Amino acid sequence: MQFNLNCCSKNTQSLGMKIWAFPDYPHRIKSNYGWKIHISAILTNAIQIARKFLTLNQKYHFDFKIISSIPYLEQMNMGYFGNSQVGKFITIYPDQSAVTETLELLYYYFHDDVGIRVGSDISYKQGLNVYYRYGTLLDDVENIDKRDKKLKPSSNVERIYDYRLERYNSLPTRYLILKAIKQKGPSGVLLALDLQTKVKVIIRYAEKYYNIESAGIDERDRLISASSLLEKDFVRNSNFLKQ
């Protein structure tokens with residue numbers, strides 16, 4: 001079954017096959033390096049996600065490519081085109097001055113959908129199907145992307161707080177819990193001692209899907225948002241925090 005995309009034309013060179021479909025407006029990559037975003041999908045929800053994205057794209061006109069058929073998506077997710085390609089259903093080349101804004105928009109629209117992990121990328125807000133990474137952006141989209149997977153963001157690109165966020169499935173051993181300040185189900189606030197710096201710290205933790213709102217925002221989303229706010233320069237430099 002082929003996707004009836006209408007807006008898109010198929011590329012006949014990428015990876016030697018008609019794997020990708022592109023919008024019918026010009027490709028707008030202006031830099032060799034930058035942030036790219038991937039939306040993941042499984043076979044049973046790919047058409048739904050494609051329709052949602054293409055509807056959204058009527059307003060935003062993203063620079064993107066999309067898998068051209070369900071059979072190609074199946075082969076992609078099975079690693080037929082290489083393990084680095086697994087999970088990449090839609091690739092978006094965002095405006096490099098609005099990467100976080102684009103990630104937030106896509107996360108809002110797709111965070112309830114299920115996808116396959118993109119091993120070379122970072123999951124935005126630890127969601128299930130919006131991934132991103134810094135890498136090579138090819139001016140010629142017909143070439144195979146021979147990106148350096150160890151490529152680090154340069155100093156002149158947009159800083160994404162989520163990229164710098166340390167993620168733990170369990171509390172690192174460097175922290176000694178002194179007191180549970182607040183506990184409510186799988187979220188809470190702890191007072192701990194950092195054994196390396198000998199400084200007392202406040203630790204807040206949360207799990208996904210706990211205390212979820214009708215809009216799909218859960219306790220972990222709120223934790224990440226609060227953490228991001230505390231990293232803002234105007235907050236870190238405020239007199240309130242220095243008192």
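**Two pockets, a helix face and a buried aspartate**

Helix 3 contributes three residues to the lining of the second largest pocket, the most that this lining gets from any helix or strand. Helices (H or I, at least four residues) and strands (E, at least two) are DSSP runs, numbered from the N terminus. You are looking at a predicted model, where local features need pLDDT of at least 70 and side-chain atom pairs need 80 or more, while totals for chains, interfaces and linings use all residues. Residues are numbered from 1 along each chain as its sequence is written, and side-chain values use heavy atoms, without hydrogens or water.

Let's stay with this pocket for a moment. A pocket is an open set of points on a 1 Å grid over the protein atoms alone where a 1.4 Å probe fits, with protein on both sides within 12 Å along at least five of seven lines; its lining residues have an atom within 4 Å of a point. Its volume is the space filled by probe spheres set on the points, which are joined across faces, edges and corners. For the second largest pocket that space is about 470 Å³. Of its 20 lining residues, Arg 28, Tyr 93, Pro 94, Asp 95 and Gln 96 are the closest to the centre. Strand 3 (33-39) and helix 3 (99-110) each supply at least two residues of the lining. Sorted by class, the lining of the second largest pocket holds 10 nonpolar, five polar and five charged residues. Here Ala, Val, Leu, Ile, Met, Phe, Trp, Tyr, Cys and Pro count as nonpolar, Asp, Glu, Lys and Arg as charged, and the others, Gly among them, as polar.

Now turn to the largest pocket, with a volume of about 1,300 Å³. There are 32 residues in its lining, and Leu 165, Glu 166, Tyr 168, Ile 203 and Arg 204 are the closest to its centre. At least two lining residues come from each of helix 4 (161-164), strand 9 (187-194), strand 10 (199-205) and helix 5 (219-230). Which of the elements gives the most to this lining? It is helix 5, with six residues. The classes here are 17 nonpolar, four polar and 11 charged residues.

Step back to see the whole chain. It has seven helices and 10 strands, and 41% of its 243 residues are buried (under 20% relative accessible area with a 1.4 Å probe, protein chains only; exposed is over 50%, partly exposed in between). Of the contacts (heavy atoms within 4.5 Å) between residues at least 6 apart in sequence, 59% join residues at least 24 apart. Val 157, in the loop between strand 7 and helix 4, gives you one pair to look at. Val 157 lies 122 residues from Trp 35 in sequence, and their C-alpha atoms are 8.5 Å apart in space. Setting aside residues up to four places away, Val 157 touches Trp 35 and Tyr 134.

Helix 2 (residues 70-77) is a good place to see how burial can follow a helix. Ile 70, Leu 73, Met 76 and Asn 77 are its buried residues. Down the helix axis these residues fall within an arc of 115°, so they line one face of helix 2; the arc is that of the directions from the axis to the C-beta atoms. An α-helix has 3.6 residues a turn, so residues three or four places apart point the same way. The buried residues of helix 2 pack against strand 2 (20-23), helix 1 (46-60) and strand 4 (64-67). At the start of helix 2, a side-chain oxygen of Ser 69 comes within 3.2 Å of the backbone nitrogen of Tyr 72. After helix 2 comes Gly 79, with a positive phi near 85°.

Our last stop is the loop between strand 6 (122-123) and strand 7 (130-136), which holds Lys 125. Most residues other than glycine have a negative phi. Lys 125, however, has a positive phi of about 55°, and Gln 126, in this loop too, has a positive phi near 55°. Is each of the two buried or partly exposed? Lys 125 is buried, at 8% relative accessibility, whereas Gln 126 is partly exposed, at 25%.

Asp 162, in helix 4, brings us back to this loop. Asp 162 counts as buried, at 4% relative accessibility. Its side chain reaches the backbone nitrogen of Lys 125 at 3.1 Å. The side chains of Asp 162 and Tyr 132 are joined by a polar contact of 2.7 Å, that is, a pair of N or O atoms within 3.5 Å, one able to donate a hydrogen and the other to accept it, where residues adjacent in sequence count only if both atoms are side-chain atoms. Beyond its neighbours within four places in sequence, Asp 162 contacts Ile 122, Ser 123, Tyr 124, Lys 125, Tyr 132 and Arg 167.
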